[in-house]
Amino acid sequence: MATVITVRAPFAFMRRLVSARLHRHCCSKLQAACFVSRPHSYSLIAGQQHRFFRTSYVAARPVMQFKLSDIGEGIMEVTVKEWYVKEGDKVSQFDSICEVQSDKASVTITSRYDGIIRKLYYDVDSIALVGKPLVDIETDAGQGEGPQEDVVETPAISQEEHTHQEIKGHKTQATPSVRRLAIENNIKLSEVVGTGKDGRILKEDILNFIAGQTGAILPPAPFQEIRPPPPAAAAPSAPAAKPKEKMTPPSVPTPAIPKPVFTGKDHTEPIKGFQKAMVKTMSAALKIPHFGFKDEVDLSQLVQLRSELKGLAESRGVKLSYMPFFIKAASLGLLHFPILNSSLDENCTNITYKAAHNIGLAMDTNQGLLVPNVKNVQMLSVFELAVELNRLQTLGAAGQLGNADLTGGTFTLSNIGSIGGTYAKPVILPPEVAIGALGKIQVLPRFNHKGEVVKAHIMNVSWSADHRIIDGATMCRFSNLWRSYLENPASMVLDLK
């Protein structure tokens, strides 16, 4: 019998090895079974050295198909605008997966699982279908329980760096229980200021937001104390007062216009996203008989008032434009003419008078025409309107307006004058029954009450109304009242609540 020498092997192993040698039966399967998890074990048999490699067995991790769930409003397909992950990336719950865009809004899809991305089912600008997989995620065992639904978070962009919003892959920080509380109360986390560490949203933040319902999108510090702008310091005595030189305002750089590229070939592309929604809405609007009414408004007093309030608003961190005054004056007018804040059913048999004044503002964005609306204008001050408009304009410029901001409007104003032009023919947005288009403000000569020629700030307005339920006299009276509030801003104080 050959001599057997074993190094770093247990006694049981030696006995089996000797037995196998004596019976001249050495099965490879037996060797594999004997040497599992015995690293660096050697046997010297008849002067030959054999090294057996260690083998291990790893339980397979389940791969979950992450499906696109129903995001509401009857949407069946969306366009994948941007991926925040790639194959092989590790993700945690509530991490952003991708941004998708429907014909109503852009939303961010966040993960429901902890794991590793194994497959992306769509390329950028591809059409993803509701109920179909978006990605495959390799998860730990035990995570696959429960319905496989993705988490949809409507993103928003913060007005200042103080707020912590979910934009372009940066998630809003909150625990699952806090997110559940927000969903149950129909609250967007992007509108809540987190007071926890690194801006984390706490349960108390949600409860405080529910109690307040307004002003939560601004950091509280600027509102602790409102100080009027300090008076100008007295200049040291001079031998002779020199006439003030007219200061030249700093030149604003002209935005660079991209050079057009001539391809010389026709190309066809599908209508999708917001453009698809515009086709649908405008096709329905053509069925409405439009009544048009145009007028001009002297905004000289309002221009003076805004110049006085602009610095105070900026001290609170808010940009004050003319639109908050236009919108508030419209809301005060709707209180006197509620039929302009109504809707007509498809059979033209019932009129629904809306209690809330959700006034929309038409915006020209990179995604096309968007009309977000300010909710419950009748309950907001001019400053609160400015706050909300700042938020909507920031989101609109970034293409991050949520579905809640784009739906539920009852009346619309289109500020076409910010681009140029004086008059327009606005098209009603169903199911609304009226819309106004505002031209640019021009400095023109006008006669005052003394018959003198003075410099006046004139803006033209163009109204369109559903002539099935609104007659010309009603539209004219509403316009006159709206104009009176703007030409004499102090009169709005009497009706403000």
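**Strand pairing in the predicted model**

Strands E4 and E11, the latter spanning residues 133–139, run antiparallel and are joined by five bridges. The structure analysed here is a predicted model. Within the pairing of these two strands, Gln65 is positioned opposite Asp136 of E11. Both strands belong to an open sheet of four strands, in which the order is E4-E11-E9-E6 and the pairing is antiparallel. The edges of this sheet are formed by strand E4, covering residues 63–67, and by strand E6, covering residues 90–91. Each of these edge strands pairs on one side only. In general, the strands of a sheet pair through backbone hydrogen bonds, in either a parallel or an antiparallel arrangement.

A further set of pairings involves strand E21, which comprises residues 453–466. This strand is mostly covered, with 10 of its 14 residues buried. Strand E13, residues 290–298, pairs with E21 in the antiparallel sense, and nine bridges connect the two. Asp295 has Val461 of E21 as its bridge partner.

Strand E21 is also paired with strand E20, which extends over residues 434–447. These two strands run antiparallel and are joined by 12 bridges. Ala434 is matched with Ala465, its bridge partner in E21. Strands E20 and E21 form a hairpin with five residues between the strands. In this hairpin, Gly451 adopts a positive phi near 80 degrees. Strand E21 thus has antiparallel pairings with E13 and with E20.

Notes
Residues are numbered from 1 along each chain as its sequence is written. This is a predicted model: local features need pLDDT of at least 70, side-chain atom pairs count only at pLDDT 80 or more; totals for chains, interfaces and linings use all residues. Side-chain values use heavy atoms; hydrogens and water are left out. Two strands pair if DSSP finds at least two bridges between them. Buried means under 20% relative accessible area, exposed over 50%, partly exposed in between (1.4 Å probe, protein chains only).
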